[in-house]
Amino acid sequence: MATQQRNRISAGGLDLKDNVISINRVTKVVKGGKNMSFAALVVVGDAAGHVGFGTGKAREVPLAIKKGIEAAKKNLIRVPLIENTLPHPFVGVYGAGRVLMKPAKPGTGVIAGGAVRAIMQAAGVHDVRTKSLGSANPHNVVRATFEGLKSMKDPVEVARLRGKQIEEL
């Protein structure tokens, strides 16, 4: 829990762009018929190492998206980047969703599908290779990706803790 609080960032001052990952129509059966609403899964990021996700539910799609954006702004994390890629490979796990992410050489591009691609582009990662393992549910894939991004180690911080220069790592 301490690392989760440490990584949180305030949305003020950041130029955030939003990206809708999925919109799900939800129907609740009641005595008088069916009540329809929409659930939106949204990612926001500044393409400079800050990214967040959120969900919103409302009777209409635009309101659900707006609520999702507000929730995503409250859930921002910082992603350590080295030359527009990730510092090291890792696997993010959430429920049945597992996402493998590996750094790539410059010029490779974002090799990712659907939800992971949206997160990487919002975070500002330009070169990465990913593979979604397990669940294809967008919610689980997004949460698994964020768990992995939160657990990533910043090379500058690791070097400082070890008392070494960053070139030695």
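**Entry 1: a pair in H5**

I began with helix H5, where Arg160 and Glu157 sit three residues apart, about one turn of the helix. I then looked up the general rule: an α-helix has 3.6 residues a turn, so residues three or four places apart point the same way. The side chains of Arg160 and Glu157 do meet, in a salt bridge with 2.5 Å from N to O. Are these two buried or exposed? Arg160 has 55% relative accessibility, so I noted it as exposed. Glu157 has 33%, so it goes down as partly exposed.

A reminder to myself: I am working with a predicted model.

**Entry 2: the whole chain**

Next I stepped back to see the protein chain as a whole. I found five helices and eight strands in it. Walking along the sequence, I wrote down the order α-β-β-β-α-β-β-β-β-α-β-α-α. The C-alpha trace spans about 70 × 35 × 30 Å along its principal axes.

How many of the residues count as buried? I got 40% of the 169 residues of the protein chain. I also looked up the accessible surface, which is about 9700 Å², and carbon and sulfur atoms own 51% of that.

Then I checked how far apart in sequence the contacting residues are. Taking the contacts with a separation of 6 or more, I noted that 57% are between residues 24 or more positions apart.

For charges, I noted 26 positive and 12 negative side chains. The centres of the two sets lie 13 Å apart.

**Entry 3: more salt bridges**

How many salt bridges does the structure hold? The answer is four, and the Arg160 and Glu157 pair is one of them.

Another joins Lys17 and Asp15, with their closest N and O atoms 3.2 Å apart. I checked the surroundings of this pair and found both Lys17 and Asp15 exposed.

I also looked at Arg78 and Asp154, whose closest N and O atoms are 4.0 Å apart. Why did I find this pair worth a note? Arg78 lies in strand E4 (residues 77-78), while Asp154 lies in the loop between helix H4 (138-151) and helix H5 (155-162), so the bridge ties together parts that are 76 residues apart in sequence. Arg78 is partly exposed, because its relative accessibility is 41%. Asp154 also counts as partly exposed, at 25%.

**Entry 4: helix H3 and the cores**

I turned to helix H3, residues 114-123, and found it mostly covered, with seven of its ten residues buried. Which ones are they? I listed Ala115, Val116, Ala118, Ile119, Met120, Ala122 and Ala123. Just after H3 comes Gly124, with a positive phi of about 95 degrees.

Then I looked for the largest nonpolar core and counted 26 residues in it. Val51, Leu86, Met120 and Leu149 have the most contacts inside this core. Strand E2 (33-45), strand E3 (50-58), strand E6 (97-103), H3 and H4 each give at least two residues to this core. Which element gives the largest share? That is H3, with six residues.

A second core is separate from this one and has eleven residues, including Ala40, Ala58, Ala64 and Ile69.

I followed up on Leu86 by listing its contacts, leaving aside neighbours within four places in sequence. I found Val79, Leu81, Met101, Pro103, Val125, Val128, Leu149 and Met152. Leu149 thus turns up twice in my notes: as a contact of Leu86, and among the residues with the most contacts inside the largest core.

**Entry 5: two positive phi angles**

My last search was for backbone angles that stand out. The background rule is that most residues other than glycine have a negative phi.

Ala47 has a positive phi near 60 degrees. Where does Ala47 lie? I located it in the loop between E2 and E3. Its relative accessibility is 46%, so I put it down as partly exposed.

Glu83 has a positive phi too, of about 50 degrees, although it is not a glycine. I found Glu83 in the loop between E4 and strand E5 (90-94). With 66% relative accessibility, Glu83 counts as exposed.

Methods:
Residues are numbered from 1 along each chain as its sequence is written. This is a predicted model: local features need pLDDT of at least 70, side-chain atom pairs count only at pLDDT 80 or more; totals for chains, interfaces and linings use all residues. Side-chain values use heavy atoms; hydrogens and water are left out. Helices (H or I, at least four residues) and strands (E, at least two) are DSSP runs, numbered from the N terminus. Buried means under 20% relative accessible area, exposed over 50%, partly exposed in between (1.4 Å probe, protein chains only). Contact means heavy atoms within 4.5 Å. Accessible areas come from the Shrake-Rupley method with a 1.4 Å probe; for residues, only the protein chains shown count as cover. Lys and Arg count as positive and Asp and Glu as negative; His and the chain ends are not counted. The place of a charge is taken as NZ of Lys, CZ of Arg, CG of Asp or CD of Glu. A nonpolar core is a set of buried Ala, Val, Leu, Ile, Met, Phe, Trp, Tyr and Cys residues joined through side-chain atoms within 4.5 Å.
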